[in-house]
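Open the model in a viewer and keep the sequence panel visible. The stops below can be selected one after another.

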Amino acid sequence: MGALPVYRWRLAPDGYATRRQLRARGLRPGGQDVAAQLERPRRRRPPLVAYLYRVDLAKPVRPMTPARWAALAKANTARRTCPHCRCDAGYVIPPSLGTCVPCAYPEPSDSLRSA
């Protein structure tokens, strides 16, 4: 494969789309290679790059099956469960903490305050 065509930001020809744009149309790249790239210049930093795929070669997004819904629910439950206290935190536990907020920052007990 030769060099990719490079286009300036917002100046790509019709028929190309980013992954996010494909998804908005209900499509996916479907195994095709990157067809072109966009570059957005920035001062004193390397340009932002977005990869483009051909819309005519894109395939429809696979539908969610009951098994895929169940697997997604199980994964999200695991992200919300605190490994320390085993409680559902009600939110996705931040990787920076590794535990729910009450476990990461426990309140000082009353017995320590009165001593």
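Begin with Cys-85, which at 31% relative accessibility counts as partly exposed. Keep in mind throughout that the model is predicted.

**Stop 1: the cysteines**

With Cys-85 selected, add Cys-103 and show both sulfurs. Cys-103 holds the cysteine sulfur closest to that of Cys-85, at 3.7 Å, which is too far for a bond. Next add Cys-87, a partly exposed residue with 43% relative accessibility. For Cys-87 the closest cysteine sulfur is the one in Cys-85, and at 3.8 Å the two are again too far apart for a bond. A disulfide would need the sulfur atoms within 2.5 Å, and the count of disulfides comes to zero.

Between these selections sits Arg-86, in the loop that runs from helix H2 (66-80) to helix H3 (101-104). Arg-86 is not a glycine, yet its phi is positive, about 60 degrees. The residue is exposed, with a relative accessible area of 64%.

**Stop 2: the sheet**

Switch to a cartoon view and colour the strands. In what order do the four strands of the open sheet lie? The order is S1-S4-S5-S2, and the pairing is mixed. At the edges are strand S1 (6-8) and strand S2 (16-17), each of which pairs on one side only. Strands of a sheet pair through backbone hydrogen bonds, in either the parallel or the antiparallel sense.

Zoom in on S1 and strand S4 (residues 36-42). They pair in the parallel sense, over three bridges. Across this pairing, Tyr-7 stands opposite Leu-38 in S4.

Now select Gln-37, also in strand S4. Is this residue buried or exposed? Gln-37 is buried, at a relative accessible area of 13%. Leaving out residues up to four places away in sequence, Gln-37 touches Leu-4, Pro-5, Val-6 and Tyr-7, as well as Val-49, Ala-50, Tyr-51 and Leu-52.

**Stop 3: the aromatic pair and the loop beside S1**

Select Tyr-7 again and add Tyr-16. The structure holds one aromatic pair, and the rings of Tyr-7 and Tyr-16 form it, with centres 6.2 Å apart and planes at 45 degrees, so the pair is tilted. Tyr-7 is partly exposed at 23% relative accessibility, and Tyr-16 counts as partly exposed at 23% as well.

From here go to Arg-10, in the loop between S1 and S2. Phi of Arg-10 is near 70 degrees, a positive value in a residue other than glycine. Arg-10 is exposed, with a relative accessible area of 74%.

**Stop 4: the nonpolar core**

Select Ala-17, Leu-22, Leu-27, Tyr-53, Val-55 and Ala-58, and show side chains. These six residues make up the largest nonpolar core. In soluble globular proteins, nonpolar side chains tend to be buried together.

Which residues does Leu-22 contact, apart from its neighbours within four places in sequence? Among them are Ala-17, Leu-27, Tyr-53, Val-55 and Ala-58, and the list also includes Arg-28 and Pro-29.

**Stop 5: Tyr-53**

Keep Tyr-53 from the core selection and hide the rest. Tyr-53 lies in strand S5 (residues 45-54) and is buried, with a relative accessible area of 7%. A distance label between the C-alpha atoms of Tyr-53 and Ala-36 should give 6.9 Å, although the two are 17 residues apart along the chain.

Next, show the side chain of Arg-19. A polar contact of 3.4 Å joins it to the side chain of Tyr-53. Beyond four places in sequence, the contacts of Tyr-53 include Gly-15, Tyr-16, Ala-17, Leu-22 and Pro-29, together with Gln-32, Asp-33, Val-34 and Ala-35.

**Stop 6: Gln-32**

Finish with Gln-32, one of the contacts of Tyr-53. Gln-32 is in the loop between strand S3 (27-28) and S4, and it counts as buried at 15% relative accessibility. Which backbone oxygen does the side chain of Gln-32 reach at 3.3 Å? That oxygen belongs to Pro-29. A polar atom of the Gln-32 side chain also lies 3.0 Å from the backbone oxygen of Arg-54. Apart from neighbours within four places in sequence, Gln-32 is in contact with Tyr-53, Arg-54, Leu-57 and Ala-58. Of these, Tyr-53 and Ala-58 belong to the core of Stop 4.

How values were computed. Residues are numbered from 1 along each chain as its sequence is written. This is a predicted model: local features need pLDDT of at least 70, side-chain atom pairs count only at pLDDT 80 or more; totals for chains, interfaces and linings use all residues. Side-chain values use heavy atoms; hydrogens and water are left out. Two strands pair if DSSP finds at least two bridges between them. Helices (H or I, at least four residues) and strands (E, at least two) are DSSP runs, numbered from the N terminus. A nonpolar core is a set of buried Ala, Val, Leu, Ile, Met, Phe, Trp, Tyr and Cys residues joined through side-chain atoms within 4.5 Å. Buried means under 20% relative accessible area, exposed over 50%, partly exposed in between (1.4 Å probe, protein chains only). Contact means heavy atoms within 4.5 Å. Rings of Phe, Tyr and Trp (its six-membered ring) pair if their centres lie within 6.5 Å; planes under 30 degrees apart count as stacked, over 60 as edge-to-face and the rest as tilted. A polar contact is a pair of N or O atoms within 3.5 Å; within protein, one must be able to donate a hydrogen and the other to accept it, and residues adjacent in sequence count only if both atoms are side-chain atoms.
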